[in-house]
Structures are given as C-alpha cells and as structure tokens.
Amino acid sequence: MSKRAAILGAGHYVPSRVVTNDDLAKLFPTSDEWIVQRTGIRERRFIEESGIGASDLALPASKMALERAGRDVKDVDAILFATLSPDVNFPGSGCFLAHKLGLPGVPALDVRNQCSGFLYSLSVADAWIRAGVYRTVLVVGAEVHSTGLEFTERGRDIAVLFGDGAGAVVVGESPDDKVGIQSIRLHADGVGAQDLWLEAPASKYMPRLTHEMIEEGRVWPRMNGKSVFRWATEKMPEVARAVLADTGWTPENLDLFVPHQANMRINQMVASKLGIPEAKTVHNIERYGNTTAATIPLGLSESIRDGRLAPGHKVLMAAFGAGFTWAGATVQF
Ligand code: UT7
C-alpha cells in the first residue's frame, strides 16, 4: 500500500524593507484609504537592493522548514519551486536554490502556476512520496514582484497588490496513516489567460521585445481585476467544497482555513460562502500583500509559529490565480 504524504515542517522569509501604502502614494496617485478598503493591504515587503532573487528569499525559508521538520539539508532528494518571478528567465530558480543549499545532483523542478503554484507543487510532491519516487521533497513558493511592477498611474491597480516573500514546506512519508495530505484538486481554464498576464518579452514575437511594447506598457503585468475577483469568489469555494467532500470533512470540524492571499475581500467572501468563521481563517495580506506562490506556505509557517496550527489540526487550503488556475487541498496535521 502506498504511504501517505505529510507536511513535516514549514518555514518562511520576507525581506526587511517595509513599504507602506503611504510610501506608494508618493510614487503615483493612490491612497491608504483606497488600498485598505478595496484589498485589506496595509504594507508589503520589497527586496532591499538589486540582485536578490526568488531563490535568495527561498533559502532561509527552506532552512527554517527543514529545521522545523527535524530534517537535514542532505535529506532533501527533490525540490519543487513554485514562482512566477524566477531569478532569471532560465534556468529555473529551483536550480539556483539547490546550488545554494549545497545539493548537487538533486532534481529541481520549477512550477509556473502563479497563485496556485504552491498547491500544484504540493500535489506533485504528494504523488512522488506516495509512489515511492522520493522520500523528502522540499516545496517552495517564492516571489520577487517589486522589480516587475509599474509604479505609475497606469499600473497602480496591480502595483499596490503585490509583495516579495517566500514560504517552504518539507513533504515526506507520514509517520501515521491518519496524518497527512488527504485530497488535492487542481484546475485550469485558459479562457482567462489574458485577464491576468505579463505579455512581453515573449518568445512568440519577432523580436521578443520592442520599444513599442515598452511604450504601450506590455512589459508590465496587466489585469482585469473585476473578472479575477468574480472567478476567484466562485472557484475557490467550489474547489474547497470538493476537497472537503473528498475527505468527509465539514467546515464546522475544520481547525484552520489558509486561503491564497490576493485580496482580503475575496478571502472574506470565500470564507463566508463556506461558512468558515473569521477566527479560523488565516490572513497575512495586511502585512505582505499578495506574494503569489508564497502566500499559503507563508500562512502555514506563521500559523505554526503563532500556535494556531498544531498537530491534530484539520486544515483547508484554496487558491486562485493567473491562467486561470485554481486548486484546493485538505491536510491533517
Ligand atoms: O491572485 C490574483 C491576483 N489578483 C486579484 O485577485 C485581484 C482581484 N481584483 C481586485 O482585487 C480588484 O478588482 C481591485 C482591488 C484590483 C480593484 O478594485 P475594483 O473595485 O475592481 O476597482 P476598479 O479597477 O474598477 O477601479 C475603480 C477606480 C478606477 O477609477 P475610476 O475609473 O472609477 O475613476 C481606477 O482607476 O479606482 C481606480 N484605481 C485606483 N485608485 C487609487 C485603480 N487602482 C487604484 C489605486 N489607487 N491603486
């Protein structure tokens, strides 16, 4: 019988530079009031200086996750690195992280599923462990958004949302068959691909980058915020209900809901549709903004630190993002 996979430890890291809404209001027309009302975000973290990539943020998060899992770096036999902001276009950030951890020869796979990237990666780790392919998988979500935002009036709808940060978990064989990953469901629908995307530079264009693209702002992320909001508040509850049903759990017997952190209003609406009280829902968007693939592992790690997440707890996770992609998971700690 295949072994169940479990999350054995979680870690996180955010850069020290705090950027408040008032700081952004000095760069383009916006206000603390507008940002807080529409998104719940009060501040976010940005890298301190040029040259710090997603793999640099992932390194301390990974070490914390390994320490909390009681594992040595040398125990890691595969790395999954979820990011939409890799250090460079190629190779993947997983290769940089493996090198920084001192793990020559260990496979490293980058997962490019944006806000759902962590749950997509968790699903791969779960399958690898259950199939006996690998025993200890490091799953990381890390992003450096601050170098890729347009800090002008044109880009302000997106520029206020995102922050830099990293979260990591160690996935391994469950010590007890009841503990571990219960259900994960993944979805995608390219009908929304252009509702949240970064178009250029792009390999489909000759040349990949032109002055026109820069002038038109196609080198910055673009979003149809209303469409993303509508889809997220429909698909997150749907996938959450599906994984709860797979597991035979109800919102009442859940201990913690760790949703992706795109917008406080989205999470409140999703939690309310599911009937999950505010006290059981993790929010860190006020302090970090949307850190994309990092939001869920960051939420898990801080919840463990704060004593909100402990052995025996039943945890629900759900995410929605660019692609569109969305996913849900239930995990017994
Ligand atoms: O992981 C997925 C990531 N993305 C999301 O989940 C985003 C989901 N969508 C949202 O959270 C919301 O759509 C936003 C918070 C991004 C925007 O809220 P909205 O209520 O949809 O605003 P809007 O785009 O319709 O803009 C309303 C007004 C516009 O001005 P006018 O045309 O009414 O004069 C915008 O130009 O707000 C203006 N606006 C801003 N004002 C101040 C847009 N961005 C800003 C800003 N500061 N940063």
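Author: In this predicted model, the largest pocket has a volume of about 1400 Å³. Among its 43 lining residues, Leu84, Pro86, Asn89, Arg112 and Leu198 are the closest to the centre. Helix H3 (54–69) and strand S9 (196–197) each give two or more residues to this lining.

Reader: Why is the largest pocket said to lie between domain 1 (5–173) and domain 2 (180–332)?

Author: Both domains give residues to the lining of the largest pocket, so the pocket lies between them.

Reader: What makes up the lining of the largest pocket by class?

Author: The lining has 26 nonpolar, eleven polar and six charged residues. Pro counts as nonpolar and Arg as charged, so Pro86 falls in the nonpolar class and Arg112 in the charged class.

Reader: Which element gives the most to the lining of the second largest pocket?

Author: Helix H8 does, with six residues. The second largest pocket has a volume of about 540 Å³. Its lining has 24 residues, and Leu161, Met223, Gly225, Phe229 and Asn263 lie nearest the centre.

Reader: Why is methionine 236 said to be in contact with Phe320?

Author: Contact means heavy atoms within 4.5 Å, and Phe320 is listed among the contacts of methionine 236, as are Trp231, Pro259 and Ile266.

Reader: What makes Met236 a buried residue?

Author: Met236 belongs to the largest nonpolar core, of 36 residues. Members of such a core are buried, which means under 20% relative accessible area, so Met236 is under that cut-off. Met236 is also among the residues that touch the most other members. Helix H8 (225–247) is one of the elements that supply at least two residues of this core, and H8 gives the most, with seven.

Methods
Residues are numbered from 1 along each chain as its sequence is written. This is a predicted model: local features need pLDDT of at least 70, side-chain atom pairs count only at pLDDT 80 or more; totals for chains, interfaces and linings use all residues. Side-chain values use heavy atoms; hydrogens and water are left out. A nonpolar core is a set of buried Ala, Val, Leu, Ile, Met, Phe, Trp, Tyr and Cys residues joined through side-chain atoms within 4.5 Å. Buried means under 20% relative accessible area, exposed over 50%, partly exposed in between (1.4 Å probe, protein chains only). Helices (H or I, at least four residues) and strands (E, at least two) are DSSP runs, numbered from the N terminus. On a 1 Å grid over the protein atoms alone, a cavity is a set of points where a 1.4 Å probe fits but cannot get out, and a pocket is an open set with protein on both sides within 12 Å along at least five of seven lines; lining residues have an atom within 4 Å of a point. Grid points are joined across faces, edges and corners, and a volume is the space filled by probe spheres set on the points. Domain bounds come from an automatic or database domain assignment. Lists of a residue's contacts leave out its neighbours within four places in sequence.
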